[in-house]
Amino acid sequence: MSTIIGIIAFIVFAPIVGGLLSGIDRKITARMQGRIGPPILQPFYDVKKLLNKDILLITNMQIVYIWCFLIFIIFTGALMCGGANMLLVVFVLTTAAMFLVLESAITNSVYASMGANREMIQMLSYEPMVLLTAVGFYVATAFATGTGTFSVHDIVDNSPIPNIVYLPGVFIGFLYILTIKFRKSPFDISMSHHAHQEMVKGVTTELSGGLMALMEISHWYENVFLLLIVSLFIVCQAWWSIPLAIVVVAATFFLEILIDNTSARVKWDVMLKSAWAVTLVFGCINVFILQLI
């Protein structure tokens, strides 16, 4: 029953929370830049407006790929909230990203194709750390309880203390690639929500109307899912871990906004090299030390 409730809760409430987070992001960003900013509910107004606009298609496969991207993102979060295998969650997330690449690659648009290429580079940058995060949870539960598990349900229920105690390096590495997944500066190379992107809108250049609305909703789902992974580092058997996780998630979200507003976009090679370096130095060494102990 708890599994079903978790899945339904994610499907229903994730886009609401994601839209509110998007509005809060805009508001905080505006304040940092000395502006008043739009109302917090503005993302919902924007999506409603997009849904009422016509869709201009280059190929009908755009509809298929965008819907697949949305469905697989929802499926990823549902698996997470349902307590499924963490490795399966990671693989489904990667599959969703591939549909986004396919959508932009088939348009034959210069800007969209450039965005697709850069999106694949981003995947090469963050995928090792995402996979290592799943491995880290397995090693941490093995260290704490004697039996390792990839099950999200068991990771929470079998952890006597927050997993961040065992995985500080993995947590730092995940925070680093989280900036890439959130598509914020300095790593917003394939798509940007801001006007400074030199590729217009990158992977979303050829999207319009309802398809653009689906893309926004997909990102709301994805952002909530990523923050749920952050909470997984904190939530454990203790009751106080839940309010602590909320504080850590809020601090993480604010940190990403701060980085976005204080960093200039870097080149793709800097992103790739730095992400791999952080993965090796913080993530791999952390897991290796746990194995030795």
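A residue counts as buried when its relative accessible area is under 20%. The model described here is predicted. By that cut-off Phe233, with a relative accessible area of 0%, is buried. This briefing covers the aromatic pairs, the buried residues of helix 2 and the surroundings of His219 in helix 8.

**Aromatic pairs: Phe72 and Phe99**

- A pair of aromatic rings is described by the distance of the centres and the angle of the planes.
- Ten aromatic pairs are present in the structure.
- One of them joins Phe72 and Phe99, with 5.2 Å from centre to centre and 40 degrees between the planes, and this pair is tilted.
- Phe72 belongs to helix 3 (residues 61-81) and Phe99 to helix 4 (residues 86-105), so the pair ties together parts that are 27 residues apart in sequence.
- Phe72 has a relative accessibility of 26% and therefore counts as partly exposed, whereas Phe99, at 17%, counts as buried.

**Aromatic pairs: Phe171 and Phe233**

- The ring centres of Phe171 and Phe233 are 5.1 Å apart and the planes stand at 70 degrees; the pair is therefore edge-to-face, as the angle is over 60 degrees.
- Phe171 is located in helix 7 (residues 168-181), while Phe233 is in the loop between helix 8 (209-232) and helix 9 (241-262), so this pair ties together parts that are 62 residues apart in sequence.
- Phe171 counts as buried because its relative accessibility is 11%, and Phe233 is buried at 0%.
- Phe171 and Phe233 also belong to one aromatic cluster, together with Phe137 and Phe174.

**Buried residues of helix 2**

- Helix 2 (residues 42-51) has Pro43, Asp46, Val47 and Leu50 as buried residues.
- These residues cover an arc of only 95 degrees around the axis, and therefore lie on the same side of helix 2.
- The packing partners of the buried residues of helix 2 are helix 1 (2-32) and helix 8.

**His219 in helix 8**

- Helix 8, one of the packing partners of the buried residues of helix 2, contains His219.
- His219 has a relative accessibility of 5%, which is under 20%, so this residue counts as buried.
- When neighbours within four places in sequence are left aside, His219 is in contact with Phe69, Arg183 and Met191.

Definitions and conventions:
Residues numbered from 1 in each chain as written. Predicted model: local features only at pLDDT ≥ 70, side-chain atom pairs only at ≥ 80, totals over all residues. Heavy atoms only, no water. Phe/Tyr/Trp six-rings, centres within 6.5 Å; stacked < 30°, edge-to-face > 60°. Helix = DSSP H or I, 4+ residues; strand = E, 2+ residues; numbered from the N terminus. Buried < 20%, exposed > 50% of the residue type's maximum accessible area, 1.4 Å probe, protein only. Arc of directions from axis to C-beta. Contact = heavy atoms within 4.5 Å.
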